[in-house]
Amino acid sequence: MPAEANTRIMPPALPEDTPRAIVAHHSTGDRIFRGTLRASGWSVFVITGLILAFLIARAAKAFRFMGVQFLTTSSWVTLSPQHFGIAAILPFGIMIALIALIIAVPTGIAIALYISEYAPPRLKRSLIAVIDLMAAIPSIIFGLWGLLFLEPRIIGFDSWLGRHLGWIPVFNFRQNTSVAADYAGSTFIAGVVVSLMVIPIVTSLSRQVFSQAPQGEREGAYALGATRWGMVRTVVLPFGRAGVIGATMLGLGRALGETIAVTLIITPAWDFNFRVLQAGSNSIASRIAVDFPSFPQGGSMGLSALMAAGLVLFAMTLIVNTIGAIVIGRSRSGLATAD
Amino acid sequence: MAADTETTQTAAPEPAADTPLRLRTVTAEGVLTLAGAAAGALGLDWVLYERVLPFSGVLGFWVSWYALFLVLYTAVAALQWDKLSVRDKFCSVAFTTGGLLATAIVIDQVAYTLVRGWAAVKFPRFFTQTMADEGPLSPIQVGGVAHALVGTLEQILLGTALAVPLGLLAALYLAEVGGRAARPVRTLVDAMTALPDIIAGLFILAFCVLTLGLPKSGFAASLALAITMLPIVTRASEAVLRIVPGTLREASYALGGSQWRTVLNVVLPTARSGLATAVVLAMARGIGETAPVLLVAGYARGMNTNPFHGWQTSLPLYIYYEVTSPVPDDKIRAFGGGFALVLLVLVLFTIARRIGGGAPGELTRRQRRRLEKQDAARQIEAGQRLTNSGAAEGAEA
């Protein structure tokens with residue numbers, strides 16, 4: 001009897017369970033195939049590295065000439081006596097980008113929420129197409145539109161802001177004027193036009209994240225008696241927060257680097273100020289576009305100075321964009337699985 | 001038993017019939033509140049904006065109308081609904097206007113360019129002439145975009161030919177090989193999609209033109225375009241490849257297919273329409289790029305059909321030079337160029353929507369019709385075979 005119990009308790013000794021190592025043996029063809037793909041994938045790093053290397057090489061002359069003063073000089077004189085720096089064009093460009101973001105991010109999120117949460121299914125597809133089309137409209141068309149359509153119409157609004165809200169430092173205006181030319185080509189107008197180019201980026205990235213908010217949690221919110229907005233606020237927005245932050249950063253990168261539309265709209269200015277309504281603004285990209293034709297020879301200081309400015313712009317946007325891309329990638333949803 | 005029936009009788013009054021809650025209903029109150037707020041805001045805005053306060057400008061009028069509308073709508077809604085619904089309605093209205101605004105902006109941009117461009121485009125010679133014979137005093141009938149059209153098409157085709165193979169291979173790497181090592185690649189590709197477009201031009205200038213000695217030409221411009229298009233192609237194709245069902249791949253492996261056969265014979269054909277869409281969308285994005293070509297293409301006023309030799313103008317470049325020129329007629333020409341460019345973008349966009357847009361494996365209407373036709377033919381054939389064999393049997397008997 002005890003012996004039987006013993007045998008029941010003690011199972012026969014089995015060899016220890018070891019997980020089978022799964023080794024995929026790739027055929028020669030596959031190895032070549034995977035190698036080719038890997039090389040193509042990593043070529044993005046090669047291209048980025050090349051861009052950095054060549055910009056640094058070409059900018060070296062200007063950096064050597066100006067030294068640290070390149071960061072503190074406001075003027076841009078590249079013919080002798082040479083004296084140039086990014087102290088005016090960089091902050092002006094950042095102001096344009098910030099104004100663009102202030103307009104584009106709330107609008108983009110509202111559009112994204114409408115598309116993913118409110119729009120009837122049939123409308124959804126065409127609205128996505130509209131946003132795609134908006135992203136495909138050339139920036140030169142935005143520039144034309146901003147210069148000849150928007151500017152004459154927005155100046156009235158500008159001058160009203162300047163005259164009545166002038167006590168707010170940002171809207172402060174040099175003189176109390178309603179002359180149109182004093183408001184044309186300002187940081188604000190450039191920012192508004194750039195915001196239209198940032199809206200599609202913010203919208204499409206945040207829409208992709210919003211639409212991945214789990215259905216179960218949405219239904220849970222409804223079951224607890226949430227209104228549609230309640231559901232959006234408690235489920236969709238927290239889920240998409242990281243995505244929205246990442247989208248904003250990618251939008252910032254785009255806004256910092258916008259060239260042609262800004263070039264067409266602004267009147268160049270060389271003393272940085274926070275008065276966004278005042279005529280005159282600047283940006284690195286537009287400086288390159290405007291100044292470039294005067295330096296056809298490779299070795300000139302003027303071209304080297306432009307390369308230096310371009311390098312600063314590239315480094316800045318690359319850092320901002322990479323952080324944005326990492327934030328998006330790390331978010332719970334991740335755009336890697338986006339539709 | 002008796003007690004039991006009694007309790008059920010007393011405790012269970014007729015249960016209310018379950019009616020499904022309708023989330024999306026159009027009620028008279030809702031519509032009237034909306035319309036009333038809109039009309040009221042319009043009136044109030046007119047009084048305030050035009051009469052009481054010294055405002056000016058059309059844009060300001062509509063901005064303040066919208067602000068007044070939101071305030072009035074919230075106020076009217078608060079009179080009849082509880083706090084939660086008011087907040088809900090307010091958000092619905094705000095988000096819906098967001099969607100409307102996006103559509104309005106796109107329509108405005110496209111329509112404005114087309115309407116202003118018509119003044120130049122109504123002379124058909126605009127599309128067959130170059131700027132070679134045009135001088136500052138020439139009338140609008142002289143001078144056109146023929147050279148810029150040729151340049152744009154050549155540059156975008158070359159750029160696509162350069163960007164698509166590499167971009168597609170990189171997308172295949174991200175989607176098919178993947179793994180931990182693919183992560184930084186995806187991050188960098190994401191970051192490069194928002195690369196300032198002028199940097200691509202600057203890089204080609206520093207690398208190809210100044211260092212390798214390639215002359216400024218259409219080919220240099222297409223290299224710059226390829227760099228801006230590469231991350232876009234990669235991102236978009238990866239998104240398409242990712243939704244090819246894994247079961248299809250597994251079926252191929254189970255049949256003994258190697259990975260490259262699987263990709264070539266299963267994954268790519270399944271994703272074909274989506275990939276085509278990705279490519280055409282990238283073309284639509286690339287065709288309008290001005291900044292990259294500005295630095296490396298040069299600017300020619302006459303026709304140059306050879307992208308490898310001599311300066312070549314593309315449409316965006318043409319528009320840029322014309323709009324910055326002080327001659328009034330040149331502004332009209334710029335809009336004429338804008339007309340052509342917007343039309344090209346729209347055509348590419350429509351093609352992209354036509355060939356794809358659906359999930360992989362989802363058939364277009366045309367493909368479905370063809371399959372149905374084949375199906376019907378097969379059934380008729382089968383039917384005939386049946387009757388034939390029946391007849392043969394009958395003859396044997």
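This briefing walks through a predicted model of two protein chains, A and B. Chain A has 12 helices and 2 strands, while chain B has 15 helices and 0 strands. Put the two chains together and about 8,400 Å² gets buried between them. Below, we go through the chains one at a time, then their contact, and then some residues in chain B that are worth finding on screen.

**Chain A**

- Start at the N terminus of chain A and the elements go α-α-α-β-β-α-α-α-α-α-α-α-α-α, so look for the two strands right after the opening three helices, as DSSP assigns them.
- Chain A has 339 residues, and 56% of them are buried.
- The accessible surface of chain A adds up to about 14,900 Å², with 66% of that on carbon and sulfur atoms.
- Take the contacts in chain A between residues at least 6 apart in sequence: 75% of them join residues at least 24 apart.

**How far to trust chain A**

- The average pLDDT for chain A is 83, and 89% of its residues score at least 70.
- Where should you be careful in chain A? Residues 333-339 have a pLDDT that stays under 50.
- The model still shows 23 contacts for that stretch, counting those beyond four places in sequence.
- When pLDDT is low, predicted coordinates shouldn't be read in detail.

**Chain B**

- Chain B runs to 397 residues, of which 47% count as buried.
- About 20,200 Å² of chain B is exposed, and carbon and sulfur atoms supply 65% of that.
- For contacts in chain B between residues at least 6 apart in sequence, 69% link residues at least 24 apart.

**Where the chains meet**

- People often describe the size of an interface by the accessible area lost when the parts come together.
- Here, that figure is about 8,400 Å², and 75% of it sits on carbon and sulfur atoms.
- On the chain A side, A:Leu37, A:Phe54 and A:Phe292 lose the most area to chain B, and together they make up 7% of what that side buries.
- How many residues take part? Chain A brings 93 residues to the contact and chain B brings 95.
- If you go hunting for salt bridges between chain A and chain B, the count is 0.

**Salt bridges in chain B**

- Over all chains, the structure holds 10 salt bridges.
- Five residues of chain B are linked in a salt-bridge network: B:Arg186, B:Asp190, B:Arg235, B:Glu238 and B:Arg242.
- Within that network, B:Arg186 pairs with B:Glu238, and their closest N and O atoms are 3.0 Å apart.
- B:Arg186 sits in helix H6 (residues 182-193) and B:Glu238 in helix H8, so this pair ties together parts of chain B that are 52 residues apart in sequence.
- Are these two buried or exposed? B:Arg186 counts as buried because its relative accessibility is 15%, under the 20% cut-off, and B:Glu238 is buried too, at 1%.
- B:Glu238 also forms a salt bridge with B:Arg242, at 2.7 Å from N to O.
- B:Arg242 and B:Glu238 share helix H8 and are 4 residues apart, which is about one turn of the helix.
- B:Arg242 is partly exposed, with a relative accessible area of 30%.
- Another pair to look up is B:Arg333 with B:Asp330, whose closest N and O atoms are 2.6 Å apart.
- Those two are 3 residues apart in helix H14 (residues 328-355), so about one helical turn separates them.
- Both B:Arg333 and B:Asp330 are buried.

**A buried alanine in chain B**

- B:Ala220 belongs to helix H8 (residues 218-242), and its relative accessible area is 0%, so it counts as buried.
- What does B:Ala220 touch? Leaving out residues up to four places away in sequence, it touches B:Ile204, B:Leu214, B:Pro215 and B:Val296.
- B:Leu248 is 28 residues from B:Ala220 in sequence, and their C-alpha atoms are 41 Å apart in space.

**A nonpolar patch on chain B**

- On the surface of chain B, B:Leu42, B:Val58 and B:Trp62 make a nonpolar patch with about 300 Å² of accessible area together.
- B:Trp62 is part of helix H3 (residues 58-80).
- With 45% relative accessibility, B:Trp62 counts as partly exposed.

Notes. Residues are numbered from 1 along each chain as its sequence is written. Chains are lettered from A and ligands numbered from 1 in the order in which they are written. This is a predicted model: local features need pLDDT of at least 70, side-chain atom pairs count only at pLDDT 80 or more; totals for chains, interfaces and linings use all residues. Side-chain values use heavy atoms; hydrogens and water are left out. pLDDT is the predictor's confidence in each residue, from 0 to 100. Contact means heavy atoms within 4.5 Å. Patches are made of residues with over 30% relative accessible area and no salt bridge: like charges are joined within 9 Å, nonpolar side chains (Val, Leu, Ile, Met, Phe, Trp, Tyr) within 5 Å. Accessible areas come from the Shrake-Rupley method with a 1.4 Å probe; for residues, only the protein chains shown count as cover. A salt bridge is a side-chain nitrogen of Lys or Arg within 4 Å of a carboxyl oxygen of Asp or Glu. Buried means under 20% relative accessible area, exposed over 50%, partly exposed in between (1.4 Å probe, protein chains only). Buried area is the accessible area (1.4 Å probe) that two parts lose on being put together, summed over both.
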